[in-house]
Amino acid sequence: MTLHAVHRWTIGTKLAATFVAVICAVALLISVSMITHERRALDAELRQRGVNLAQNLARLSVDLVLQDDLWRLYTVARDIVQAPGATVPAAQDRIVLYAMVVTPRGELLAHSDPARFSVGEPLPPDSLTGAALGATDVLIQPVVTQTDALIYDIAVPVVLDRQRLATARVGITTRYLEATLARVKREVLLIVSVLAAVGLGLGLAVSRRITRPLAQLSTSVETLSRGQLDRPILVDTVEKDEVGRLADAFNQMARNLRDSVAAMRATQQYLENLLEHANDFIYTVDAGGVLTYVNRKFRELGYEKHDLVGRPLGTLLVDPTRGAWGGEPKAIEVDVRDRAGGIRVWVLTTSLLREPEGRQTGTLGIAKDITERKEMEQRLRDSEKLASVGALAGAMAHEIRNPLGSIVTAVNLLATGPGPADAERQALLKVVQEESRRLSRILGDFLELGRSRPPFLAPHDLDGVVDEVLAALALTERARGKTIRKVLTLRTGRVLVDADQLKQVLWNVALNALEALGDAPGEVVVSTAREDGQVRIVVTDTGPGIARDRLPRVFEPFRTTKRDGMGLGLAIARRIVESHRGHIRVESEPGRGTSVTITVPTDGRS
Amino acid sequence: MRGFTVSSLLSLLVLPVGVAAEAPLRIAITPVLVEHYLDVNRQWVAYVGEQLGRPTQLLQRRSYKEISDLLEQGEVDIAFVCGLPYIIDHARFGVELLVAPQVYEAGPVYYSYVIVPADSPVARFEELRGKRYAFSDPLSNSGRLVPAYMLAQMGETPDSFFKRYMYTFSHSGNVEAVAVKLVDGASVDSYVYDYLAATNPALTAKTRVIQRSPPHGITPVVVRKELDRQLKGAVRRVFLQMHETAKGREILKAMMIRAFVVVPDRLYDSIREMRALVERRTPQLSLERARPR
């Protein structure tokens, strides 16, 4: 058994083993001491008993030797060996091996075993006998025989009046001692075994008390570590020791953990629900672009979760090179392929997923399917285009029909009939001339609207441009009876503009203002100003103003209220101003006139 | 102390009236008969007392010589002795025969056995020359006189024939001495030997009988000459009628005795003849010399 194996023991086993080891060690020490002591005591007792017996034999032998009563000498020797006192009652084990009386010359007078040791014969001389016969007092000689254990040969002289008559000898075997010791050893072994068993039981009982909650704790921790957090096995102990406190703390921890887990689960469930039931496509990809999550919305594309999770997002995209995980804050449109092979359009926003340390772990994508909207928008655009073409054609036809009708009528009058008078002819020709000019202007406007020429910027004196336009305007039919005032509060100086285009703008705006005055007398004021790198031209009229609901649409083409206008003037104006990186603004209040403000940068830059 | 006083008072009251007041009848035995026989002896002695209606006292001595002395001095009334002491004491101070037990069918006789260890090669008494021998009592007929007579016939004495001999003063001691091979042979009373063979066969099994003497008068019950004549008669009747009572039969059975019979003095003449020869051949072996030491 290696130490390694001991490490695997439970605390209970270790405690019990310690108990047993300690008890065994103590018991062993006590046993060794006991046995040693017992051996010494038994040995002393045995020697003493042997000495007593030998002395008795010697005492009894005095008369019998003198009387030469061999029979009674024999019976005395016999009784010493066979008497109940010469045996150990419990063991039925003779401790006196022999008793004999020997004359000083070595002749045997009596022996407890006369069959083997003939009375009257000399004893075989050996050192033992020699020492025994020479002993003047009690002599104990230990002898080790081959067949027996240690033997004490005890010799006591038989003396009368200082005269040595014989020697009494008794042989005591220590076999009984060994047997007794063996019995003692067996008893000690039994006691040690019982103690060890008691120790084992006690150790197990004590350790069980200690380790049962520990074992439960261990099981519970294992349960928790397997992730079964919702129903922790609580440790059951009434002890209030360290283990008990540990168990209590563990129980509290387990409950807290259970509650936290339940709360987390609820939150998770809630978030999952949000994600799953969101009306957007929501997915995550890892840093390698592989899908790690898709929500239920993807079913609308015909995909189940397991179809997508673990596959690259690229397989979903029509153009896999588009960075659908780029993390740009802007929404992008991407084309995706549904399971049936159809193309869907997503508007997709992505955000980078980062660990708390900042490392990117993937990308979150949220997308809306805008396929239908796109199609609808396209249809709308198409129909709007058609409608505006129709409106354009109608407006054009309408604009062209009146002057053309006048021309046709005038030309017919000129071509047919008896020939009008010269003045009348002149009037008819003027009509043709004016209407032709009007046609030309209408067509020019159209061309201007359709043409999108970048402005040719050159430094020009803005006040001069304004003067030029206002002077030309003052000569027109519309200006009759109207006041056109010029308020040039500051010198505008030279400004980088396309003078022709700016004239066109000013013309259109000022003409609108004159037209807004209608037949009633009124005033149009044009003011210029320069500030903060910009020039501002404000055209104000005293006309009836523009209805509030119409104001936002005044720059749209064909939104005119005038009988003979196409409603292109302001649209053209705005396009030109914006091509100059400027702004055009209309302010109006019904009954209080209208004010149009044109702002352009002085250096051609915004 | 209180109990002692009361019983002393009681005995004072009883003594003058009952038979208990009479002097007890003193009966002596030796262990030579059977060493482990004391209880049986007590029983028949008590039986005799009961039958007589007077107290009896059992006296045990180690040797015949001691009992002879007691008889001579009148200190014993009745004794179980050997035929040899009887003829000596009869001649010296007139001891009388009372009865004798009949053990064998042949009559109130017994024999002297020569025994050797069971595994001894010795087959005849003569082969025991130079060996160790055991006698019982110096005054025993079967245990001493018979082998001495046999030696005398051979012109030998114990000292000349045996290397060593000893007295055990009991026939059972002789059997044991042979059984444990303390000695190479011994003479024993046939009645004792047979009794032991029945009661302690393990002991006798270690021995073997190699010779049986001619029959001799068996050990008699003797009585002191001076004892009251009527009492003598009464005691004799008790013995002779013993086999007629249940208790008597029980005791006789335990003693392996058929019955007690009246024996004539001449039954012991064979012993007288043997003694005469031995005394003639070995005058130094005076019976008086053989006393227990």
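Here a trainee and a mentor talk through how some labels for this predicted model are earned.

Trainee: What should I keep in mind about numbering and confidence?

Mentor: Residues are numbered from 1 along each chain as its sequence is written, while chains are lettered from A and ligands numbered from 1 in the order in which they are written. The model is predicted, with local features needing pLDDT of at least 70 and side-chain atom pairs counting only at pLDDT 80 or more, whereas totals for chains, interfaces and linings use all residues.

Trainee: Let's start with helices in chain A. Why are helix 2 of chain A and helix 3 of chain A called roughly antiparallel?

Mentor: Helices here are DSSP runs of H or I with at least four residues, strands are runs of E with at least two, and both are numbered from the N terminus. The axes of helix 2 (residues 11-67) of chain A and helix 3 of chain A cross at roughly 170 degrees and come within 10 Å. Axes are lines fitted to C-alpha atoms, for helices over the stretch in contact, with angles from 0 to 180 degrees between N-to-C directions. Angles under 35 degrees count as roughly parallel, over 145 as roughly antiparallel, 65 to 115 as roughly perpendicular and the rest as oblique. The pair is therefore roughly antiparallel.

Trainee: Which residues of helix 2 of chain A and helix 3 of chain A meet?

Mentor: From helix 2 of chain A come Leu53(A), Leu57(A), Leu60(A), Ser61(A) and Leu64(A), and they meet Arg72(A), Leu73(A), Val76(A), Ala77(A) and Ile80(A) of helix 3 of chain A. Contact is judged by C-beta atoms, placed from the backbone, lying within 7 Å. These residues divide into 8 nonpolar, 1 polar and 1 charged, where Ala, Val, Leu, Ile, Met, Phe, Trp, Tyr, Cys and Pro count as nonpolar, Asp, Glu, Lys and Arg as charged, and the others, Gly among them, as polar.

Trainee: What makes helix 2 of chain B and helix 10 of chain B oblique?

Mentor: Helix 2 (residues 38-52) of chain B and helix 10 (residues 229-240) of chain B pack at about 120 degrees, with axes 10 Å apart. That angle falls in none of the named ranges, and the two helices are therefore oblique to each other. Their crossing is right-handed, the label for a near helix turned clockwise from the far one by less than a right angle, with anticlockwise giving left-handed. Val48(B), Gln51(B) and Leu52(B) meet Ala234(B), Val235(B) and Val238(B) there, a contact of 5 nonpolar, 1 polar and no charged residues.

Trainee: Where does a left-handed crossing turn up?

Mentor: Helix 11 of chain A passes helix 12 of chain A that way. Helix 11 (residues 499-517) and helix 12 (residues 569-579) of chain A pack at about 145 degrees, their axes 9 Å apart. The contact divides into 8 nonpolar, 5 polar and no charged residues.

Trainee: Now the sheet. What makes strand 4 and strand 5 of chain A edge strands?

Mentor: The open sheet has 5 strands in the order 4-3-7-6-5 (chain A), with antiparallel pairing. Strand 4 (108-111) and strand 5 (139-144) of chain A each pair on one side only. Neighbouring strands of this sheet are turned by 20 degrees against each other on average, direction ignored.

Trainee: How do you know that strand 5 of chain A pairs with strand 6 of chain A?

Mentor: Pairing asks for at least two DSSP bridges, and 6 bridges join strand 5 of chain A to strand 6 (residues 150-160) of chain A. In one of them, Pro142(A) has Tyr152(A) as its partner. Elsewhere on the sheet, helix 3 (residues 70-82) of chain A lies across strand 3 (96-102), strand 4 and strand 7 (163-173) of chain A.

Trainee: Why is Phe169(B) called buried, but Arg39(A) partly exposed?

Mentor: A residue is buried if 20 or more other C-beta atoms lie within 10 Å of its own, exposed if 12 or fewer, and partly exposed in between, with C-beta atoms placed from the backbone. Phe169(B) has 24, so it is buried; Arg39(A) has 16, so it is partly exposed. Phe169(B) sits in the loop between strand 8 and helix 7 of chain B, and its phi is near 60 degrees, a positive value in a residue other than glycine. Arg39(A) belongs to helix 2 of chain A.

Trainee: And what makes Lys181(B) buried?

Mentor: Lys181(B) has 21 C-beta neighbours inside 10 Å, so it counts as buried. Lys181(B) lies in the loop between helix 7 and strand 9 (185-189) of chain B, with phi near 65 degrees.

Conventions. Contact = placed C-beta atoms within 7 Å.
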